[in-house]
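Please walk through the model below with an eye on how its parts meet one another. The paragraphs that follow take up a few places in turn, beginning with a pair of aromatic rings.

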Amino acid sequence: MTKKFNRRSFIGYILASSATIFLLKACASSPSTMILTENPDNDSTDSSGSSKTFKIAIALPGVITDGGWNQSGYEGVKKAAEKLNAEMIYVENVAQPDQTETLSDFARKGYDLVVGHGGQFDAAIQQVASQFPETFFLGVNGNIAGENYASVTTNYFQVGYLAGVVAGLMTKTNKVAYITGLSFKGTNLQGRAFELGAKSVNSSVEVVISYTGDFNDIAKGKEAALALISTGVDVIYHLLDNAAPAVLQTAQEKGIYAVGNTTDQLELAPKAVLTSAVQDVGGAIAYVANLVKNDRVKGEKYVLGIENPEITKLGRFNDVLPEKVKQKVEATQQQMLAGELLFEDCSEGSQEKVCIK
């Protein structure tokens with residue numbers, strides 16, 4: 001059961017009294033087309049035998065049709081709601097100044113699990129959680145843990161490093177780039193992992209980092225890609241949402257390579273995308289939602305890596321990748337799985353880095 005609101009209508013919903021429950025189903029012919037159907041029999045029975053509807057809410061910084069970060073989060077919560085016979089609500093385009101209010105509104109409405117979709121929600125979750133001890137809060141790709149809140153991430157160190165290995169071996173100019181929206185811990189660490197991966201196979205490579213100021217602004221994404229390409233960058237790794245297709249397609253138009261992120265993005269620019277750092281954040285959210293529903297969740301940082309290939313892995317390889325590059329990627333993955341190549345957040349003060357043990 002799903003309810004959709006934008007910021008304005010969500011506030012109206014919170015203030016209004018409504019007992020109607022809806023079930024949201026995706027139309028088979030078009031994932032973005034949805035049918036709302038009343039479902040008054042959606043109660044589930046908990047372990048004590050009492051009837052109670054488990055309720056999940058998610059606040060998204062962008063739209064659920066971006067083909068990347070926001071869509072993956074929405075689909076993960078939707079999948080979890082269906083599996084757990086739960087009620088679901090989501091709000092799109094939640095700006096940073098509105099995060100605290102949005103999360104608080106969800107908690108006041110009695111949602112059992114409230115998800116902030118992105119590390120930029122960390123501070124808001126920490127601020128709100130103590131006020132609503134009966135609600136469990138989850139920060140996706142965050143770095144927080146407490147009494148009634150946790151974070152869950154895919155192991156972006158691993159896939160970011162592997163993306164760097166591919167870029168470092170495929171560059172001809174020895175200049176590659178990482179484009180993302182904003183500078184905070186999660187985005188910076190992904191960039192650092194990419195840099196370390198590239199330099200592990202190519203000591204001459206230069207890694208340029210570019211912040212567009214917005215994960216969703218298509219024009220800014222394209223502008224950043226063009227600026228980087230003009231300086232000699234010939235492989236771009238991105239961490240963007242709605243702006244991602246523009247970056248990948250710009251790379252293709254200009255005859256350079258790119259590495260996708262979050263979903264397998266080969267089809268967005270089949271002549272440019274070498275592979276993708278697939279991170280099923282939706283699956284990671286569903287993993288924690290199941291723990292919350294069954295009272296087994298802990299206030300800790302959950303990290304799901306390539307040992308969970310259904311959640312974290314590299315996507316399809318482009319046919320242009322030489323066999324020796326594929327073999328190097330596979331050997332590096334085996335090192336990770338064997339515990340020979342480990343990653344640790346070794347942040348000290350404001351200096352953020354990734355250490356390899």
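In this predicted model, F106 and Y111 are both buried, and the two residues form an aromatic pair of the edge-to-face kind, with 6.0 Å from centre to centre and 70 degrees between the planes. The ring of Y111 has a further partner, since K55 lies over its face at 4.5 Å from the ring centre. A pair of aromatic rings is described in general by the distance of the centres and the angle of the planes, and a search of the whole structure on this basis finds nine aromatic pairs.

Another of these pairs joins Y287 and Y302, again edge-to-face, at 6.4 Å centre to centre and with 70 degrees between the planes. This pair links distant parts of the chain, for Y287 belongs to helix α9 (residues 281–293) and Y302 to strand β16 (residues 301–304), 15 residues apart. Are the two partners buried or exposed? Y287 has a relative accessible area of 40% and is therefore partly exposed, whereas Y302, at 9% relative accessibility, counts as buried because buried means under 20%. Elsewhere, Y156, F157, Y161 and F343 form one aromatic cluster.

It helps to set these details against the chain as a whole. The chain has 357 residues, and buried residues make up 55% of them; there are ten helices and 19 strands. Among the contacts with a separation of 6 or more, 65% are accounted for by residues 24 or more positions apart.

Helix α4, which covers residues 122–129, shows how burial can be arranged along a helix, its buried residues being D122, A124, I125, V128 and A129. Seen down the axis of α4, these buried residues fall within an arc of 165 degrees, so they line one face of the helix. The general reason for such a pattern is that an α-helix has 3.6 residues a turn, so residues three or four places apart point the same way. As for what that face meets, the buried residues of α4 pack against α3 (99–108), β8 (113–116), β9 (136–140) and β10 (149–154).

Just beyond, in the loop between α4 and β9, lies S130, which at 60% relative accessibility counts as exposed. The C-alpha atoms of S130 and E147 are separated by 8.3 Å, although the two residues are 17 residues apart along the chain. In the loop between β9 and β10 one finds N141, which has a positive phi of about 60 degrees although it is not a glycine; N141 counts as buried, at 10% relative accessibility. T262, in strand β14 (residues 257–262), also has a positive phi, near 75 degrees, in a residue other than glycine, and T262 counts as buried at 5% relative accessibility.

Two helices are next considered together. The axes of helix α7 (residues 218–230) and helix α8 (residues 244–253) come within 8 Å and cross at roughly 35 degrees, and α7 passes α8 in a right-handed crossing. Which residues meet there? On the side of α7 they are I218, G221, K222, A225, L226 and I229, and on the side of α8 they are A246, V247, T250, A251 and E253.

The last two places bring together parts of the chain that are separated in sequence. N70, in helix α2 (residues 69–83), is buried, with a relative accessible area of 0%. Leaving aside neighbours within four places in sequence, N70 is in contact with L60, P61, G62, V63, I64, H117, N216 and D241. N70 and V281 are 211 residues apart in sequence, yet their C-alpha atoms are 9.2 Å apart in space.

I311 lies in the loop between β16 and β17 (312–314), and at 6% relative accessibility I311 counts as buried. Its C-alpha atom is separated by 5.9 Å from that of Q279, which is 32 residues apart from I311 along the chain. Once neighbours within four places in sequence are left aside, the contacts of I311 are T154, V278, Q279, D280, G283, A284 and L304.

Notes. Residues are numbered from 1 along each chain as its sequence is written. This is a predicted model: local features need pLDDT of at least 70, side-chain atom pairs count only at pLDDT 80 or more; totals for chains, interfaces and linings use all residues. Side-chain values use heavy atoms; hydrogens and water are left out. Buried means under 20% relative accessible area, exposed over 50%, partly exposed in between (1.4 Å probe, protein chains only). Helices (H or I, at least four residues) and strands (E, at least two) are DSSP runs, numbered from the N terminus. The arc is that of the directions from the helix axis to the C-beta atoms. Contact means heavy atoms within 4.5 Å. Rings of Phe, Tyr and Trp (its six-membered ring) pair if their centres lie within 6.5 Å; planes under 30 degrees apart count as stacked, over 60 as edge-to-face and the rest as tilted. A charge sits over a ring if NZ of Lys or CZ of Arg is within 6 Å of the ring centre and within 35 degrees of the ring normal. Axes are lines fitted to C-alpha atoms, for helices over the stretch in contact, and angles run from 0 to 180 degrees between N-to-C directions. A crossing is left-handed if the near helix is turned anticlockwise from the far one by less than a right angle, and right-handed if clockwise.
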